[in-house]
Amino acid sequence: MTRPHRMSYEDIAVTVPFTVPYERFSIRGAHWFVGRALDGLIREAGLPKQSIEGLVVSSFTLAPDTAVGVTQHLGLSPRWLDHVPTGGASGLMALRRAARAVQSGDADIVACIGADTNHVDSFRQSLGSFSQFARDATYPYGSGGPNSIFAFITAHYMQAYGATREDFGKLCIAQRENARRNENALLRKPLTMAEYLGARPIADPLRLFDCVMPCAGAEAFLVMTVQRARELHLPHATLLGAIERHNAYADDPIFVRGGWAVDAAELYAQAGLQATDIDFVQLYDDYPVIVTIQFEDLGFCAKGEGPAFVRSNSMTHDGSFPTNTSGGQLSAGQAGAAGGFLGINEAVRQLTGAAGSRAVSNARVGLVSGFGMVTYDRCLCTGAAILAAASA
Amino acid sequence: MTEPLARPPRKNPVLRTPLPTLPPGGRSRVGLGLTAAAAVGRFMLQHCRDCGAVQYPPREACHACLSVRLRWRDTDCGGELLSDTRLHHSNDLFFRERLPWRLGLVRLDAGCSVVAHLHGDVGPAPARVRLRLCLDRAGQAVMMALPPQDTPDMNDDPQLREMTCDPKFRKVLVTDGKSMVGQAMVRALASAGADLIWVGHAEPWKRMPGAEGLSALPQVAWVPLDVTDSRSVEELAGEIGGKVDIVVNTAELHRTHGISGRRGVDTARAEMDVNYLGLLRLAQAFGPALRGRAADGVPSAVAWVNLLSIYALTSFPAHGTYSASKAAAHSLAQCLRAEVRPAGVRVVNVYPGPVDDEWNQLLPPPKVAPAALAAAVVKALREGTEDVYPGDVAQEWFERWRDDPKALEREVSAGG
């Protein structure tokens, strides 16, 4: 049921996936990571800086600056600019906005950058001022940050649909296996089920390996027309479809489904594909329960069948349902807003033959999702995109 | 079921007294509507005047119809616990020192989802709960999910006790134990489980009826205290200031005049000396030690109670100079609250209507009985509220004052 007047994305290329290596802590500012990302993009694309006509930036730690401050900091003069401060959904939202800017001619080449630094104390300081609702109605309750909210969601999901700790452990262990083939991942030591189950408790039922490790780093890519990418001889993926949704199912008493469920049919219709055509997925993985819920909401199984889906599939890069082949944020680390770009970059690498030893064989079509902003009792922003290998 | 609180051992003088920490106290202005409700022990949420929607967390507009005509209304506090967790990690010092800490996500019957502190007697989800708006140690409103009916010893729950100022096992100073209210206060605190009650008397040679009976209570120790005498106040603070957990300032002088009923200022000055300057002397002498001991284990310093009067809000002209002295004390109590709140010490202000004692002999009933007044103070300490309006007259004046202070002024001057 594609909306009749929604314009296709089919002439859009996503290219030059660039990662500024992650560090657990950094004494540098967010601007440093944005700068390294921009430098990486133009070097790898072989373009002069002035050719970046459009810029979209996502960052939690850029304050007091926004994207416009970056233009002066780094000497850019774009004719199109956007700032997308939506964390885990920012990559998908940046991609959608950049694609439309390119299609309309408002910018020829758009650089999309998610970058954050991480000082020893910056995570704690960001929590209390995250949103008005966080300040009024969640942070004064134990100050656990998102862990408390996702503990509620995980405990409730387990009770409602029979998921077990072992199901989530299987996902985390598979992602760790994938991370062992990603030299940028911060956590590359193999994870056993005993280690997963016996890890330090954080917020029942969540334990240490259910939670991402905040870090510093950046992820960035370029958006341009397919024709332009060909002229520049840049390996690229094409964008078949993309959706976003905010504050979906607001009347659900507790989060059991995300906005993907509202728009998944539209996503597949726009791409002219079905869920069964997808070769791999890069699903936003702030906590393993969210990956499980997305298997349902994105149509790979029915609501409530996520646990059975996990049990009957293997999620490693060479498994029956390759998921988060970079290791995801759970093993690579969560570099702030860059976490919302990680899946897009990994998908482009998989579709352009740049995934090295973790390549999914014969990968032609991949699905990427984003999920962001726990302003109160749930994440508000959802997004997803289907990317395909460029035809030769 | 909550394990009853064990009598804490004597303090080890070798150990350092931990410094007080507070839970996060920042709130938006609309969020402070919850604090206003919690201060008086009411459960209120934002209701839309136009479409009737109930909402939480507080907002600047109705999430359903976008109206800005929102008001705080008493709301059904029943709900269903949907999910619960026990935090083993916190990013905040206050909670880090108190882990593990239980939290619940509650769906109110009124239709909002609420993150709440979770009482130990609430079983795992799903379970019925009732929510209470409590003031936390930062003095801000928080939601606490309690079992649907009271359970034995539920006030001893460690998380609930962090929200309240329960006198159980605490040491209390009642600044004047000879008045009818003072005596009732001492008895109520003794039955509430106070460990030790120092009872001040300004003029030991005066024998007040009933006062002798207090001496029979094992918790009671009489101490000389004249709040009009700085030296007397300082001497007592030097002796017991480092041990007092709760100060209950009952010292007051009440005469029944307006401006023209009595010439000169001697009586008015005497009222100010006890009711206003007495509080100032006490606060200067006892405040610092109270602040320093606000995290001193189970019997930590927690509260300062002021016996004010509903006449502090609007003058009762027949008792005009008394009203003025109580208005001054009310203002000073707000200052005291601002100064001790950063340590987590609560100032409880009590605004009774006429008390049924000798100075209100000529006022018609209803008058609040000293025992009822004392019971209201103990209830406030146990439930953690900070503004108390005991008795029917006080409740009615408070409602009228909240509704329109100017109208109340005219109503009172026309004869009440």
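The following dialogue discusses how to read sheets, a helix pair, a chain contact and unusual backbone geometry in a predicted model.

User: How should one read the pairing of strands in a sheet, and in which order do the 3 strands of the open sheet in chain B stand?

Analyst: Strands of a sheet pair through backbone hydrogen bonds, in either a parallel or an antiparallel sense. In chain B, an open sheet of 3 strands follows the order β2-β1-β3, with antiparallel pairing. Strands β2 (54-55) and β3 (70-74) of chain B are at the edges with a single partner strand each, so one side of each has no neighbour in the sheet. Strand β1 (residues 44-48) of chain B is joined to β2(B) by 2 bridges, and His47(B) has Val54(B) as its bridge partner in β2(B).

User: Which sheet in chain B has parallel pairing, and which strands stand at its edges?

Analyst: Chain B also holds an open sheet of 7 strands with parallel pairing, in the order β11-β10-β9-β12-β13-β14-β15. Its edges are β11 (220-224) and β15 (387-388) of chain B; each has a single partner strand, so one side of each is left without a neighbour in the sheet. Within this order, β9 (residues 171-174) and β10 (residues 196-201) of chain B pair in the parallel sense over 4 bridges. Lys171(B) is found opposite Leu196(B) in β10(B).

User: How does the chain pass from β2(A) to β3(A), and what is the handedness of the crossover?

Analyst: As a general point, side chains in a regular strand alternate between the two faces of the sheet. In chain A, strands β2 (residues 54-58) and β3 (residues 80-83) run parallel and are joined by 4 bridges. Gly54(A) stands opposite Trp80(A) in β3(A). Between the two strands the chain crosses through helix α2 (residues 67-74) of chain A, giving a right-handed β-α-β crossover.

User: How is the packing of two helices described, and at what angle do the axes of α6(B) and α7(B) cross?

Analyst: One may consider the axes, the handedness and the residues in contact. The axes of α6 (residues 230-240) and α7 (residues 266-292) of chain B come within 9 Å and cross at roughly 25°. Because angles under 35 degrees count as roughly parallel, α6(B) is roughly parallel to α7(B). The crossing is right-handed. From α6(B) the contact draws on Ser230(B), Val233(B), Glu234(B) and Ala237(B), and from α7(B) on Arg281(B), Leu282(B), Ala285(B) and Phe286(B). By class, this contact has 5 nonpolar, 1 polar and 2 charged residues.

User: How many residues does each chain give to the contact between chains A and B?

Analyst: The size of an interface is often given as the accessible area lost when the parts come together. Here the description is by residues: 30 come from chain B and 30 from chain A. On the side of chain B, the elements that give two or more residues are β4 (78-87), β5 (101-108) and β6 (113-118). Of these, β4(B) gives the most, with 6 residues. The side of chain B that touches chain A has 12 nonpolar, 12 polar and 6 charged residues.

User: Where are the cis peptide bonds of chain B, and which residue of chain A has a positive phi although it is not a glycine?

Analyst: Most residues other than glycine have a negative phi, and most peptide bonds are trans. The bond from Ala125(B) to Pro126(B) is cis, with omega near -5°; Pro126(B) lies in the loop between β6 and β7 (127-135) of chain B. Pro365(B) and Pro366(B) are also joined by a cis peptide bond, with omega about 5°. Pro366(B) is in the loop between β14 (346-350) and α9 (370-383) of chain B. In chain A, Tyr249(A) has a positive phi of about 50° and is located in the loop between β8 (236-246) and α10 (260-271).

Terms used: Residues are numbered from 1 along each chain as its sequence is written. Chains are lettered from A and ligands numbered from 1 in the order in which they are written. This is a predicted model: local features need pLDDT of at least 70, side-chain atom pairs count only at pLDDT 80 or more; totals for chains, interfaces and linings use all residues. Two strands pair if DSSP finds at least two bridges between them. Two residues are in contact if their C-beta atoms, placed from the backbone, lie within 7 Å. Ala, Val, Leu, Ile, Met, Phe, Trp, Tyr, Cys and Pro count as nonpolar, Asp, Glu, Lys and Arg as charged, and the others, Gly among them, as polar. Axes are lines fitted to C-alpha atoms, for helices over the stretch in contact, and angles run from 0 to 180 degrees between N-to-C directions. Angles under 35 degrees count as roughly parallel, over 145 as roughly antiparallel, 65 to 115 as roughly perpendicular and the rest as oblique. A crossing is left-handed if the near helix is turned anticlockwise from the far one by less than a right angle, and right-handed if clockwise. A crossover is right-handed if, with the strands pointing away from the viewer, the path from the first strand over the helix to the second runs clockwise.
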